[in-house]
Amino acid sequence: MPELPELEVLRRSIEKTLVGRTIVDVTVGRKECLNMAPEEYASIVSGGKIVGARRFGKTGVIDLDNGYSLIVHLALGGLFVQASPEEFEPKDIQIAYHLDDGSTLLAAKLMLGNVHVRPTDELAEDNRIGKMGPDALDALPSAEELAETFRDNRTGAKAFLMDQSRIGGIGNMYANEILFEARIHPATELRALSADDVSRFHEAISTVLEQAIAAGGATDTIFADLDGRVPTHQETLKVFGREGQACPECAGKIRMIRLATRATYYCPTCQKKKYPRKKAAKKRAKARAKSGR
Ligand SMILES: [Zn+2]
């Protein structure tokens, strides 16, 4: 699934390649990818000149000069690529945007993805944008602010990372990587994290996302950037999808558990579960009673 890094790679690519181009016509292959009738969609988008590319978490936005914006949601994966329609089976092309230089921008192989259109000043009415918390890359709260939020908070560390209303852009894959980088067990409650833990957690978010962007995103999906360049970051992931393999830090075995049904990978040695103070004291007392001391 494309997450923040993949969308940021796409955003930069659109900004570099497509700003200044005008969409002259639109062909719709799958009307379910739109939020209105194809004729209406085509009439709004056609004639629009691309003036900017933005990103909100894992949602992309392409601004047109006519007061409307395209909202790119790749969902489980898909291609947003400048290519000739002949390179694809017709059934794989959901939307084709024909540009004024004769080239075509394709939304292809979208699995549940869509490209809606809305007035630029009403983007917040899209829930993925309007209900999103601070962006994990552009607006990450400070470690001190996070520590304040985490006080008395029983949410698990991984659940927090994946909750888009708390922090925008991180999905299952990068949540696993960030927690490994921070050496935090995915199920540790936020309130159990020490100031040091929170500081590592905070730093790991930026480190993991920035490394992924620098590498061009991951190949977990069939996502590619505008040039169709396939990202290779998947090979450098440290725990995600690596059950039974050696931990790159301690050589112990990576384990997979299910948290809220999602596959969760971690190293049991490097990421020990921590308990809130009271609970930890109770646990120690129990262990003492058991050992008869
Ligand atoms: Zn380890």
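Trainee: How many cavities of 30 Å³ or more does a search of the whole structure find?

Mentor: Just 1 cavity of 30 Å³ or more turns up. Keep in mind that this is a predicted model.

Trainee: What makes that space a cavity and not a pocket?

Mentor: The test is whether the probe can escape: in a cavity a 1.4 Å probe fits but cannot get out, whereas a pocket is an open set. The largest cavity holds about 60 Å³. Its lining includes Leu7, Ile14, Arg54, Thr59 and Val72. Helix 1 (4-17), strand 2 (50-56) and strand 3 (59-64) each give at least two residues to that lining.

Trainee: How does the lining of the largest cavity divide into nonpolar, polar and charged?

Mentor: There are 7 nonpolar, 2 polar and 3 charged residues. Gly60 is on the lining list, and Gly counts as polar here.

Trainee: What about the second largest pocket, how much space lies in it?

Mentor: About 200 Å³. Of its 15 lining residues, Lys58, Thr59, His73, Arg128 and Gln164 are the closest to the centre. By class, the lining of this pocket has 7 nonpolar, 5 polar and 3 charged residues.

Trainee: Why is the site of the zinc ion called tetrahedral?

Mentor: Four donors earn that name if all angles lie between 85 and 135 degrees. Here the angles among the 4 donor atoms are 101 to 112°, so the site passes as tetrahedral.

Trainee: How do you know which residues are the protein donors of the zinc ion?

Mentor: A donor atom has to be within 2.8 Å of the metal here. The SG atoms of Cys247, Cys250, Cys267 and Cys270 lie 2.2 to 2.4 Å from the zinc ion, so they count as donors. Their spacing in sequence is C-x2-C-x16-C-x2-C. Cys247 sits in the loop between helix 7 (195-214) and strand 9 (255-259), and Cys270 in the loop between strand 10 (262-266) and helix 8 (277-291), so the pair ties together parts 23 residues apart in sequence. Both Cys247 and Cys270 are buried.

Trainee: Why is strand 7 (residues 104-108) said to be largely enclosed by the rest of the structure?

Mentor: Buried means under 20% relative accessible area. In strand 7, 5 of the 5 residues are buried, so the strand is largely enclosed. Thr104, Leu106 and Ala108 point one way and Leu105 and Ala107 the other.

Trainee: Which strands run antiparallel to strand 7?

Mentor: Strand 5 (residues 79-82) joins strand 7 through 4 bridges, with Val81 opposite Leu106. Strand 6 (residues 93-99) joins strand 7 through 5 bridges, with Ile93 opposite Ala108. Both pairings run antiparallel.

Key
Residues are numbered from 1 along each chain as its sequence is written. This is a predicted model: local features need pLDDT of at least 70, side-chain atom pairs count only at pLDDT 80 or more; totals for chains, interfaces and linings use all residues. Side-chain values use heavy atoms; hydrogens and water are left out. Donors are N, O and S atoms within 2.8 Å of the metal (3.2 Å for Na, K and Ca); water is not among the atoms, so sites may look incomplete. Four donors count as tetrahedral if all angles lie between 85 and 135 degrees; four count as square planar and six as octahedral if opposite donors are over 155 degrees apart and all others between 65 and 115; anything else is irregular. Helices (H or I, at least four residues) and strands (E, at least two) are DSSP runs, numbered from the N terminus. Buried means under 20% relative accessible area, exposed over 50%, partly exposed in between (1.4 Å probe, protein chains only). On a 1 Å grid over the protein atoms alone, a cavity is a set of points where a 1.4 Å probe fits but cannot get out, and a pocket is an open set with protein on both sides within 12 Å along at least five of seven lines; lining residues have an atom within 4 Å of a point. Grid points are joined across faces, edges and corners, and a volume is the space filled by probe spheres set on the points. Two strands pair if DSSP finds at least two bridges between them.
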